[in-house]
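The following exercises, each with a worked solution, concern helix packing, salt bridges and burial. Please examine the sequence and the model before attempting them.

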Amino acid sequence: MITGVLLAGGKSSRFGRPKMFETWQNAPLYAVGLNSFRELNYPIVISTNEQLVSKFNELDVKFITDDKLYEGPLYALCSVMQQIESDWYFMIAADMPYINAAFMETLATHVSDDVDAIIPTADGKLQPLAALYHRRALPQAMAAIDSHRRSMKALLEEVRVSFVEMNDTKTFKNINYVEDWPQHEGDA
């Protein structure tokens with residue numbers, strides 16, 4: 001089983017306000033990821049913090065709130081894995097306007113008992129915030145956090161990874177600054 005995990009607990013400090021609630025395609029930006037998970041009938045978890053949970057208007061998702069604020073995606077993944085039973089977790093950031101179910105479906109075809117993480121790459125860049133992680137990776141993730149190595153790279157150095165080259169870099173575009181916001185829905 002694959003569970004969809006939306007990372008939605010960051011500060012948005014570079015954007016200046018919680019960017020995931022900005023309107024994109026007549027809905028909040030975070031809804032792009034949720035709707036992609038829904039198309040694939042994945043159970044959905046939103047990983048956020050107590051300050052933001054009341055801003056979501058979703059009834060068909062489970063919320064996991066971090067006990068510590070702004071610890072990053074590896075910490076959030078650990079929290080979800082500890083509280084939600086699943087084989088695989090498809091983790092995506094809430095600030096990706098072009099993420100889609102077709103990409104998710106393609107990446108999921110690489111699920112195997114021989115790997116613990118399936119990481120897309122585009123133009124030679126790893127995309128660990130739009131990737132699949134197996135529950136087997138939890139001990140290594142916890143060990144990385146315990147040793148104050150909080151980056152996703154710290155986890156990838158310790159588990160069996162399948163890297164999948166994707167031709168479409170637009171899928172992985174994320175919004176960090178107001179200037180990154182597409183002026184038109186067709187912008188890359």
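A residue is called buried when its relative accessible area is under 20%, exposed when it is over 50%, and partly exposed in between (1.4 Å probe, protein chains only). The model is predicted, so local features need pLDDT of at least 70 and side-chain atom pairs count only at pLDDT 80 or more, while totals for chains, interfaces and linings use all residues. Residues are numbered from 1 along each chain as its sequence is written, and side-chain values use heavy atoms, with hydrogens and water left out.

**Exercise 1. Determine whether Asp116 is buried or exposed, and describe its salt bridge.**

Step 1. Asp116 has a relative accessible area of 5% and is therefore buried.

Step 2. A salt bridge requires a side-chain nitrogen of Lys or Arg within 4 Å of a carboxyl oxygen of Asp or Glu. Asp116 satisfies this with Arg136, at 2.8 Å from N to O.

Step 3. The two partners, 20 residues apart, belong to distant parts of the chain: Asp116 is in the loop between helix H4 (101-108) and strand E7 (117-122), and Arg136 is in the loop between strand E9 (130-134) and H5. Helices (H or I, at least four residues) and strands (E, at least two) are DSSP runs, numbered from the N terminus.

Step 4. Arg136, with a relative accessible area of 30%, is partly exposed. Asp116 and Arg136 also join Arg160 in a network of salt bridges.

**Exercise 2. State how many salt bridges the whole structure has, and describe those of Arg149 with Glu157 and Glu158.**

Step 1. The search of the whole structure yields six salt bridges.

Step 2. Between Glu157 and Arg149, the closest N and O atoms are 2.7 Å apart; between Glu158 and Arg149, the corresponding value is 3.9 Å.

Step 3. Arg149 is partly exposed at 30% relative accessible area. Glu157, at 47%, and Glu158, at 44%, are partly exposed as well.

**Exercise 3. Characterise the packing of helices H3 and H5.**

Step 1. Two packed helices are described by the angle between their axes and the distance between the axes. Axes are lines fitted to C-alpha atoms, for helices over the stretch in contact, and angles run from 0 to 180 degrees between N-to-C directions.

Step 2. H3 (residues 73-83) and H5 (residues 138-146) pack at about 135°, with their axes 10 Å apart. H3 is therefore oblique to H5, given that angles under 35 degrees count as roughly parallel, over 145 as roughly antiparallel, 65 to 115 as roughly perpendicular and the rest as oblique.

Step 3. Contact means heavy atoms within 4.5 Å. On the H3 side, Leu74, Tyr75, Cys78, Met81 and Gln82 meet Leu138, Ala141, Met142, Ala144 and Ile145 of H5.

**Exercise 4. Describe the surroundings of Thr3 and Gln127.**

Step 1. Thr3 is in strand E1 (residues 2-7) and is buried, at 1% relative accessibility.

Step 2. With neighbours within four places in sequence set aside, Thr3 contacts Pro43, Val45, Ile84, Ser86, Trp88, Tyr89 and Phe90. The C-alpha atoms of Thr3 and Val80 are 9.9 Å apart, although 77 residues separate the pair in sequence.

Step 3. Gln127 occupies the loop between strand E8 (125-126) and E9 and is buried, with 16% relative accessible area. Under the same exclusion of neighbours within four places, Gln127 contacts Ile119, Pro120 and Phe172.
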